[in-house]
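I am opening my notebook on this model. My plan is to start from a single position and work outwards.

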Amino acid sequence: LEARALEIGSVRVDPRLKDRQGSIAITAELDSHIEAAALVIERDGQRINEPLTLDDGQWRGHAEVLDPALWWPHTHGEPALYRTSLALSRGDETTTIDLGCIGFRTIEIDRGHGDDFRVVVNGVPVFCRGARWTPLDPVTLTATPDEYRAAITQAREAGMNMLRVGGTMAYEDDAFLDALDEAGILLWQDFMFANMDYPDVE
């Protein structure tokens, strides 16, 4: 029999950190032929396998990570990441879907300093230093994952711990965000057209 490709719809992974407790909620639209699904979380030999349940056409689940390693800007610690994936079962077949990496951290804005404010990561004030990011290729406005990683590594080696994508720039793709996560660099992301006057809507 010819193997049938699985159809995977929208998958939402939502990591949270509260009181040093990590949690991950997941909602996924999966192929109707899937019989069982589980969220897999891995880091440094630790492996969590949390079964999902089918509810009204969507697979849902929730996993807890006790005392997780935290994601930090590289200037303040290790940008710890956890690899996540979906383990799907259909008959005797098992398929793994890579969901990329997630991190656990809190970010707050402290406005208790007159007209100034500061960024607080995991309860620690962070002096942010960096530069404005512009697309690596001004013609296509795209880049490869290796090109993103090389440029962001240069920013890290220069001591930067934040990059800003201004409102007059284009939104970058996931490879850019992944490279920032790996390097331990924060992102200040403006809405596109942030410097424009939006039309009145009646």
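**Entry 1: a glycine in a loop**

I began at Gly-167 and asked: is Gly-167 buried or exposed? Gly-167 has a relative accessible area of 2%. Buried means under 20%, so Gly-167 counts as buried. I noted that this is a predicted model, so these values are computed from a prediction.

Next I looked up where Gly-167 sits in the chain. Gly-167 belongs to the loop between β13 (162–165) and α2. Then I asked which residues touch Gly-167, leaving aside its neighbours within four places in sequence. I found Asp-190, Phe-191, Met-192, Phe-193 and Ala-194. I checked one of these pairs by distance. Gly-167 and Met-192 are 25 residues apart in sequence. In space, their C-alpha atoms are 4.3 Å apart.

**Entry 2: the two helices**

From the loop I moved on to α2. I looked up how α2 (residues 174–183) lies against α1 (residues 145–157). The two axes come within 9 Å and cross at roughly 35°. The crossing of α1 past α2 is right-handed.

Which residues meet there? On the α1 side I listed Pro-145, Tyr-148, Arg-149, Ile-152 and Arg-156. On the α2 side I listed Ala-175, Phe-176, Ala-179, Leu-180, Glu-182 and Ala-183. I sorted this contact by class: eight residues are nonpolar, three are charged and none is polar.

**Entry 3: the cores**

I then looked for nonpolar cores. I wrote down a general point first: in soluble globular proteins, nonpolar side chains tend to be buried together.

The largest nonpolar core here has 21 residues. Which of them touch the most other members? They are Leu-30, Ile-41 and Phe-104. I also looked up which elements give two or more residues to this core. They are β2 (21–28), β3 (36–43), β6 (58–66) and β7 (82–90). Another core, of 14 residues, lies apart from the largest one. Its members include Trp-133, Ala-143, Phe-176 and Ala-183. Phe-176 and Ala-183 were already in my list for the contact of α2 with α1.

**Entry 4: strand β6**

I followed β6, one of the strands that feed the largest core. Which side chains of β6 point to the buried face? Trp-59, Gly-61, Ala-63 and Val-65 do. Gln-58, Arg-60, His-62, Glu-64 and Leu-66 point to the other face and are not buried. The side chains alternate along the strand.

Then I looked up the partners of β6. β2 runs antiparallel to β6, and eight bridges join them. One partner pair is Gln-21 with Leu-66. β5 (residues 53–55) is also antiparallel to β6, over three bridges. Here Thr-53 is the bridge partner of Arg-60. β5 and β6 make a hairpin with two residues between them. In the turn, Asp-56 has a positive phi of about 55°.

**Entry 5: a sheet of four strands**

I turned to β3 and β7, which also give residues to the largest core. They belong to an open sheet with the order β4-β3-β7-β8 and antiparallel pairing. Which strands are at the edges? They are β4 (46–51) and β8 (93–102), each pairing on one side only. Neighbouring strands are turned by 20° on average, direction ignored. β3 and β7 share seven bridges. Val-40 stands opposite Ser-85 in β7.

**Entry 6: a sheet of three strands**

I looked up another open sheet, with the order β9-β10-β11 and antiparallel pairing. Its edge strands are β9 (107–113) and β11 (124–126). The twist averages 45° from one strand to the next.

β9 and β10 are joined by five bridges, and Ile-107 has Val-121 as its partner. These two strands form a hairpin with two residues between them. Gly-114 in this hairpin takes a positive phi near 65°. β10 (residues 116–121) and β11 share three bridges, with Val-119 partnered by Val-126.

**Entry 7: the whole chain**

Last, I stepped back. The chain has two helices and 14 strands. Its C-alpha trace spans about 60 × 45 × 40 Å along the principal axes. Of its 202 residues, 33% count as buried. I also looked up contacts with a separation of 6 or more. Residues 24 or more positions apart account for 59% of them.

Notes: Residues numbered from 1 in each chain as written. Predicted model: local features only at pLDDT ≥ 70, side-chain atom pairs only at ≥ 80, totals over all residues. Heavy atoms only, no water. Core = buried A, V, L, I, M, F, W, Y, C linked by side-chain atoms within 4.5 Å. Buried < 20%, exposed > 50% of the residue type's maximum accessible area, 1.4 Å probe, protein only. Axes fitted to C-alpha atoms, helices over the stretch in contact; angles between N-to-C directions. Left-handed = near helix turned anticlockwise from the far one by under 90°. Contact = heavy atoms within 4.5 Å. Nonpolar A, V, L, I, M, F, W, Y, C, P; charged D, E, K, R; others polar. Pairing = 2+ DSSP bridges.
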